[in-house]
Amino acid sequence: MIAAELAERVRTHLPDVVVARGEVTAVVERDDLLGALGWLRSDEALAFDFLSSVTATDWPEREPRYWVAYELSSMAHDHRLRLKVGLPADDAHLPSVVPLFPTADWHERETYDLYGIVFDGHPNLRRILLPDGWEGHPLRKTEEIGGVNTRYKGAFIPPVDRRTAP
Amino acid sequence: MSFDFRPDIDPRDPLSTEEPRQETMIINMGPQHPSTHGVLRLLLELDGETVIRCEPIVGYLHTGIEKNTEYRTWQQGVTFVTRADYLAPFFNELAYTLAVERLLGIEAPLRAQVLRVLFCELNRIASHLVWLATSGMELGAVSVMLFGFREREDLLDIFEMATGLRMNHAYVRIGGVVLDLPPGATDAIDDFLDMLPGRIREYESLLSKNPIWVERNAGVGILSAEDAIALGVTGPTLRAAGVAKDVRRDEPYSGYETYEFDVITRESADCYGRFEIRMDEMRESMRIVEQCLDRLREPGPVMIEDPKVAWPSRLEVGPDGIGNSPAYVKHIMEESMEALIHHFKMVTEGVRVPAGEVYQPVESPRGELGMYVVSDGEHRPYRVRIRDPSFVNLQAVPTMVQGALVADAIAVIASLDPIMGGVDR
């Protein structure tokens, strides 16, 4: 299905649909997320049965601050759709989609690890890339690059621009 | 830790003919185990030799590639993403570059697209050869290990000849590729294509009917098509379950729709099927490479003309890798002030990419490699997310391993071909 037709079909259930660069993006509220995914998967003309990726972006100056993006595709029809959910800065949680798409397990853990977004109902929401005792969520725009505590004999390596000669 | 893995046997029942279940043992396999393809750690709960629970633990190779790209220009991003899945550098570069080109609304010249396809397919062969070599080693076929790395070395020589580097080439750039093929490269590729088919037959004569190889792979690590799709598994593992899914054919990029090749599938859904698929995929890649060489007879530009996007410097392969060509350095340093200003601006600030977001999938040797790239209109990426197939495929290990023997866990991980650089990024 080409993007315009796909968008038309998705619009019958999800009103907020944008087509840009040949990609269809639908925006839903977090309370409607599971319902929307369930419909997209069960609708025969759409049949979005494959979840490629779950990730997020952080916009500290905007409201909503976080956007979680789900990249869906269809095994039968070879078309794609992006589903996005906006989350406020002080209440960054949304339902986990693991019951619908088991592959979301590690994607959601990674998003939690790097952005601190909480996926309610996730079976095992722990850090995945960083050590369990890590403080902070490094892909947030408010986290600087560098300045990582090495936790080795109390050593601390300051950020590059704040290093001084020993 | 209790776990009901054989609920039919009551360990306290004195009349049970089966042996009562003993206490289980939890062991760590890795992160430094030689058969874990780098630094993968598996937490295994064992009952004797049987795995009753398995949890892959990743993150030991996390290098913050995604965060780093946010602090560099768009062009520098290529040099970061190429280091994610280090056995498939051209694919990382291509996915990133295609995503940025779509945001910019440009397309690389035809010859550059053919070169991209050519190097991706050679890279696919190299990656499958490393897979063959390491899997052979893990399952006890050490001669295959030596053979696989031997042939891959010839490919790395070709890559070095064309890009100046054996790995992490940063060859695919926004708007095209960095260099045209050097003299002698086509002959080297021709020689390689003449040599490889015989070598693949040699591997198959060593392995296909080898009783140990068949015993360790056939019927092991079964992952049905339904489970694979639910777990997001792509690439040879999915195709071994009979699903003909290949991004090159289903959502063509870089002109793949104009090449003739077959999507290889098997119905067995086991480790042996994945072995057969990779052997056949090397042959398909050779077919594509031959078509690329035909098309490369026509000369043409390899970088987009637009000076606002194209990398200004003219590069050459020297004895120590790619560098600015002496003629270009003379041009900007001695002849043209405007060229120097333009060079300085492009190199320090780079291009500005219109705000927006794209998700660009490509078919890497391990499955769907996707780049989710977001721009806020500045000269640096706002967000780059690498959907690495190894990361997603590893989630399927518990499904394939639980209930099997410890030795099968090795075969299963080998058959998935996870590259930890891509998993942890």
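**Chain B: sheet, helix 6 and the side facing chain A**

A hairpin of two residues connects strand 8 of chain B to strand 9 of chain B. The model is predicted. Strand 9 of chain B recurs below: it belongs to a three-stranded sheet, and it also gives the most residues to the side of chain B that touches chain A.

**The sheet**

- Three strands of chain B form an open sheet in the order 8-9-10, paired antiparallel.
- Strand 8 and strand 10 of chain B are the edge strands, each pairing on one side only.
- From one strand to the next, the twist averages 15°.
- Helix 3 of chain B (residues 89-104) packs on the sheet and touches strand 8 and strand 9 of chain B. The direction of helix 3 makes about 150° with that of strand 8 of chain B.
- Strands of a sheet pair through backbone hydrogen bonds, in a parallel or an antiparallel sense.

**Strand pairing**

- Strands 8 and 9 of chain B pair antiparallel over nine bridges. Glu363(B) stands opposite Glu368(B) in strand 9 of chain B.
- Strands 9 and 10 of chain B pair antiparallel over five bridges.
- Val374(B) stands opposite Arg383(B) of strand 10 of chain B. Gly370(B) has Arg387(B), in strand 10 of chain B, as its bridge partner.
- Strand 9 of chain B is largely enclosed by the rest of the structure, because nine of its nine residues are buried.

**The side facing chain A**

- In the contact between the chains, 31 residues of chain B meet 25 residues of chain A.
- Elements of chain B that each supply at least two residues to this side are helix 1 (65-69), helix 8 (225-230), strand 8 (356-364), strand 9 (367-375), strand 10 (383-387) and helix 14 (389-393).
- Strand 9 of chain B contributes the most, with four residues.
- By class, this side of chain B has 13 nonpolar, eleven charged and seven polar residues.

**Helix 6**

- Helix 6 of chain B (residues 185-207) has 23 residues, so at 1.5 Å a residue it should span 33 Å. The end C-alpha atoms of helix 6 are 32 Å apart, which agrees.
- Helix 6 of chain B has a kink of about 30° at Leu196(B), shortly before the proline Pro197(B).
- Leu196(B) is also buried, as are Ile189(B), Ile200(B), Tyr203(B) and Leu207(B) in helix 6 of chain B.
- The cover over the buried residues of helix 6 includes helix 4 (110-138), helix 5 (142-163), helix 7 (211-217) and helix 11 (271-295) of chain B.

Terms used:
Residues are numbered from 1 along each chain as its sequence is written. Chains are lettered from A and ligands numbered from 1 in the order in which they are written. This is a predicted model: local features need pLDDT of at least 70, side-chain atom pairs count only at pLDDT 80 or more; totals for chains, interfaces and linings use all residues. Two residues are in contact if their C-beta atoms, placed from the backbone, lie within 7 Å. Ala, Val, Leu, Ile, Met, Phe, Trp, Tyr, Cys and Pro count as nonpolar, Asp, Glu, Lys and Arg as charged, and the others, Gly among them, as polar. Two strands pair if DSSP finds at least two bridges between them. Axes are lines fitted to C-alpha atoms, for helices over the stretch in contact, and angles run from 0 to 180 degrees between N-to-C directions. The expected span of a helix is 1.5 Å times one less than its number of residues. The bend at a residue is the angle between axes fitted to the seven residues ending there and the seven starting there. A residue is buried if 20 or more other C-beta atoms lie within 10 Å of its own, exposed if 12 or fewer, and partly exposed in between; C-beta atoms are placed from the backbone.
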